[in-house]
Amino acid sequence: MPVEFLTDAQAAAYAAYDGAPSRTELERFFFLDDADREMVDGKRRSHNRLGFAAQLTTARYLGVFLDDPTDVPAEVVDYLAEQLGIEAPRY
């Protein structure tokens with residue numbers, strides 16, 4: 001996507017988290033409903049399920065996929081891991 005019309009600060013913030021989402025945003029954008037769970041549960045290992053859920057909900061929240069899929073705030077990872085019943089990785 002062309003970004004020449006954006007300021008340097010806007011271009012740097014595009015397709016990136018601006019800090020951790022609020023609790024309300026977590027509940028709205030990062031909640032895994034039955035359809036989400038069906039897609040996520042099709043992945044074999046817990047880290048694949050967590051990564052897929054992070055990409056799915058990030059695209060829902062930001063409207064794009066991250067260039068680096070590990071650039072997800074720890075609060076999002078923890079919220080998703082709790083829903084999936086798996087232990088969140090520690091960085």
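## Charge distribution

In this predicted model, the chain carries 9 positive and 17 negative charges. Their mean positions lie 10 Å apart.

## Overall fold

The chain holds five helices and zero strands. Along the sequence the pattern reads α-α-α-α-α. The C-alpha atoms fill a box of roughly 40 × 25 × 20 Å along the principal axes.

Contacts reach across the sequence. Among those between residues at least 6 apart, 66% join residues at least 24 apart.

## Surface and burial

Of the 91 residues, 29% count as buried. The accessible surface comes to about 6300 Å². Carbon and sulfur atoms account for 50% of that surface.

## Arg 49

Arg 49 sits in helix H4, which spans residues 46–62. Arg 49 is buried, yet it has no salt bridge. The nearest side chain of opposite charge is that of Asp 41, 4.9 Å away. A salt bridge requires a side-chain nitrogen within 4 Å of a carboxyl oxygen, so Asp 41, at 4.9 Å, does not form one with Arg 49.

What does the side chain of Arg 49 reach at 3.1 Å? The partner is the backbone oxygen of Arg 44. Arg 44 also appears among the contacts of Arg 49 once neighbours within four places in sequence are set aside. Val 40, Asp 41 and Lys 43 are on that list too, along with Leu 84 and Ile 86.

Key: Residues numbered from 1 in each chain as written. Predicted model: local features only at pLDDT ≥ 70, side-chain atom pairs only at ≥ 80, totals over all residues. Heavy atoms only, no water. Helix = DSSP H or I, 4+ residues; strand = E, 2+ residues; numbered from the N terminus. Buried < 20%, exposed > 50% of the residue type's maximum accessible area, 1.4 Å probe, protein only. Lys, Arg positive; Asp, Glu negative; His and termini not counted. Polar contact = N/O pair within 3.5 Å; in protein donor to acceptor, adjacent residues only side chain to side chain. Contact = heavy atoms within 4.5 Å. Areas by Shrake-Rupley, 256 points an atom, 1.4 Å probe, with all protein chains shown as cover. Charge placed at Lys NZ, Arg CZ, Asp CG, Glu CD.
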